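Biologist: Could you take me through the second largest pocket of this model, please? I would love a close look at what lines it, and a word on the enclosed spaces afterwards.

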Amino acid sequence: MTLSKALIDEATMALSVLKFLSVIAFSLTLALGARAQTAGDLETDLIAILEESAVVGAGIVVVQNGSPVVDLAWGMADLVSASPVTGDTVFRAGSISKNVTSLMAVRLVQQGTLNLNDLVADIAPDIQINNPWSETDPVRVVHLLEHTAGLPGSSYREYTENRPDASPADYLEAVGTLRLRWRPGTLYSYSNAGHTLLARVLEQATGRSFDDLAKSLVFDELDMQSASFLTYGAAPTRLSRSYAISGREEPTWEMLIRPSGSLTVTARDLAQLAALYANEGAGLVPAEAIDRMQRSEASSVSDAGVGRGAYGLGTFAFIPEGLVFRGHWGRTEGFRASMGYVPGTGAGFVILLNTADDRAAGLLRARIAQHLKQDLGASPLPERAEIDRGALETARGVYVIATHEQPMRAWLFKALDQRRITTAEDGLIVSGMGLRGPPARRFYPAAAGGYVAEGLPLATAALVTVDERQFWIDRDAYVKVSAAEAAFRRLSIPAMLGVSLIAVLHAAVWGLMGLLGRGPRGDGLWIRAALLASGLGFLATSGLFVSFGLLSGWAGLANIGQPTLVSITMAGGSILAVIGALTALGLTGRRLVQAPGVFLLWAGPASLVLSSVAVLWILVGWFPLVSWAW
C-alpha cells in the first residue's frame with residue numbers, strides 16, 4: 001500500500017511537471033511566434049522605406065540577443081548588368097573604417113604592444129606634425145583615436161588623389177607636415193588624417209603592414225571573410241556599384257586615407273562586428289576595453305563629465321527614438337553606411353546602401369530603433385543637477401563655430417554656423433544664428449556633468465574654458481565672441497555679395513553712359529572700375545567655391561583640388577577681389593578729401609564693405625585662394 005501510494009505520488013508529480021513544461025513550451029512558442037511576427041513587420045517596413053527612396057540597393061542586418069532577426073538583401077547591385085543585391089554583395093562602408101582601425105589599436109593595447117598615452121613622435125618619427133604646444137602637450141595615440149589632436153580635416157587636394165591601395169607612408173609623403181590648429185587634448189574636430197596617422201603608428205609599433213594587422217586582429221577573429229581595406233575589396237567581382245541620389249553611377253574613388261574610409265564588407269560580416277560590441281566583446285575583447293571605446297577621456301568635454309556623450313575610440317553615440325546607440329556611420333562616393341548597437345544587450349544593426357540617400361538612412365535607423373525599443377525600452381533620462389545661476393549667466397552670449405573640419409573654409413562657416421545662448425529658470429536655451437542653424441533647444445545641467453538637451457537620455461554638451469576662451473561644445477566647439485564680431489561675420493557675406501552685384505550693374509549703366517559721351521572721368525572712372533573689378537572677383541570666387549567646394553559631389557571637389565580652369569579662375573578672382581577693393585577704398589578716400597560729392601554716398605560704403613571682406617580674405621589665406629594646396 002505504501003509502495004503503491006509512492007508510485008501514485010511520483011506519477012502525479014511527473015504529470016504535474018509535464019503539464020508545467022508544456023505550459024512553458026507553449027509560452028515559448030507564442031513568444032517566438034510574436035518575435036518572428038515583429039521581425040517580419042520590421043522587414044516589411046524597411047522594404048517600404050527603401051521602395052519609397054532613391055536607394056538602388058541595400059544590405060541590412062538587425063541583431064537581437066546576438067542573433068540576426070532581419071537579414072535583408074534588397075534591390076540592385078549593378079543597374080547595367082541587372083545584378084541583384086545578395087547576402088554576398090560587398091559595399092564600401094566609408095568611415096566605419098575608423099571603428100575597425102580603432103579596434104585594432106585597442107587590441108594592441110590589450111596585448112601590451114601599445115599604450116593610449118604613448119607619444120606619436122616616439123613610435124612613428126616619420127610623422128611630421130607642427131605642434132606649437134609640443135613642450136607641454138605633445139600628440140598622443142589617444143588624441144588620434146578621439147579626434148582631439150587638433151589636426152585639420154581633408155583638404156580639397158586629397159580628393160584628387162585617386163590612388164588605389166595607398167599605404168599610410170604614401171599619405172605621409174604626400175601631405176608633408178601637418179600643422180595643429182589648437183592644443184592637443186582639448187577640442188574635438190573630425191579628421192580623416194587622425195586614423196590614417198594612427199595606422200602608421202600601428203605599423204611602426206608592430207613592424208607589420210596595416211592590411212596584415214587588420215586581417216589578423218579583426219577580420220580573421222570575427223570570420224569577416226569579405227572584409228578588406230583594399231580599394232576593391234577581397235572579392236572585387238562582388239563589390240556593388242554606387243549611385244548618386246539622381247541615379248547617376250558614381251565612379252570608385254580612393255583617397256589616400258584608406259584606414260579612415262576604405263573598408264569594404266558585406267552586411268552580414270559587418271554585423272559580426274556590431275554583435276561583438278553589443279555583447280561587450282564576446283570574449284574576444286575585454287568588456288572594460290569595449291567600455292573604454294564608448295567614451296572620451298582626452299578632451300575638454302570629458303574633463304567636464306561628458307565623456308560618454310563625446311566621440312570615443314572610433315565610436316560615438318546617436319539617439320534615434322530615445323534609445324542610445326553606439327557605433328559609427330560612413331559615406332564615400334554614393335555609398336552610405338550605418339553600424340549601431342545598444343551596449344550589453346546583444347542588439348544592434350548594420351545598414352549598407354549603395355546610394356547617397358541620407359534621408360533614407362535616417363528613416364531606416366529610426367524604424368530599427370523603434371523595433372528594438374519594444375524589448376529594451378527607451379534609455380532613461382539622466383538626473384539633473386541643481387541650478388548654478390552664476391554658471392548660467394556666464395554662458396550667455398553669442399558663439400561661432402571654432403572647429404570646422406576644413407581650415408580652408410572655416411572662416412565661411414563662422415558666418416554660417418553661429419549659436420546664441422540665453423538663460424531660462426532651469427537651464428540654457430541654445431538657438432541657431434547666422435545664415436543657417438538649428439531651432440532653439442533647451443539644455444539642463446546634468447548631475448554627472450555637462451548639459452543634456454531636453455528629452456535626451458545622454459548629456460552631450462559642456463561649457464569649458466580653453467586658453468582663457470570660453471567654448472560651448474556639443475560635439476563641435478563654438479567659441480564665445482562679441483556680438484559685434486558675430487554680426488560682422490554673419491552680415492559680411494550677404495553684404496559683400498549685394499555690393500558686388502550692385503557694382504557690376506552700376507558699371508553696366510556707366511558703360512552705356514560712356515558710349516553716349518557722358519561717362520565718368522578721372523577718379524570717378526577709376527573708382528567705378530576698381531569696384532567693378534572687385535565685385536566681379538568676389539562673385540566669381542564665391543560662386544565657384546560654393547558650386548564646386550560645398551554643393552558639388554566628388555567630381556567637383558576633385559576639380560578644385562588641382563589646377564584646373566575652375567580653380568585657377570578662383571585664385572585669379574580672389575586676387576582681383578582684394579586688390580580692386582583696397583584700390584577703390586584708397587581712391588575713395590582721396591576723392592573724399594579733394595572733391596567730395598554725392599557719388600561718394602555709394603562709393604564710400606561700397607569700398608568699405610568690400611575692403612573689410614578683402615582684409616578677412618587676406619587673414620584667412622584666401623589671397624590668393626590656392627584651393628589645390630595640401
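**The second largest pocket**

Modeller: Happy to! The second largest pocket of this predicted model has a volume of about 970 Å³. Its lining is made up of 43 residues, and those nearest the centre are Leu180, Arg181, Trp182, Pro407 and Ala410. Several elements give two or more residues each to this lining: the helices are H6 (168-175), H15 (410-416) and H16 (483-515), and the strands are E6 (178-179), E20 (469-474) and E21 (476-481). Of these, H15 provides the largest share, with 3 residues. Sorted by class, the pocket lining has 27 nonpolar, 9 charged and 7 polar residues.

Now for the enclosed spaces you asked about. The structure has 3 cavities of 30 Å³ or more. The largest holds about 80 Å³ of space, and its lining includes Glu146, Tyr188, Tyr311 and Arg475. By class, that lining divides into 5 nonpolar, 5 polar and 2 charged residues.

The second largest cavity encloses about 50 Å³. Among the residues around it are Asp71, Leu72, Ala73, Phe91 and Arg268. Strand E2 (67-78) and helix H10 (267-278) each contribute at least two lining residues, and E2 gives the largest share, 3 residues. Here the classes come to 4 nonpolar, 4 polar and 2 charged.

Definitions and conventions:
Residues numbered from 1 in each chain as written. Predicted model: local features only at pLDDT ≥ 70, side-chain atom pairs only at ≥ 80, totals over all residues. Heavy atoms only, no water. 1 Å grid on protein atoms, 1.4 Å probe; cavity = no way out; pocket = protein on both sides within 12 Å on 5 of 7 lines; lining within 4 Å. Points joined across faces, edges and corners; volume = space filled by probe spheres on them. Nonpolar A, V, L, I, M, F, W, Y, C, P; charged D, E, K, R; others polar. Helix = DSSP H or I, 4+ residues; strand = E, 2+ residues; numbered from the N terminus.
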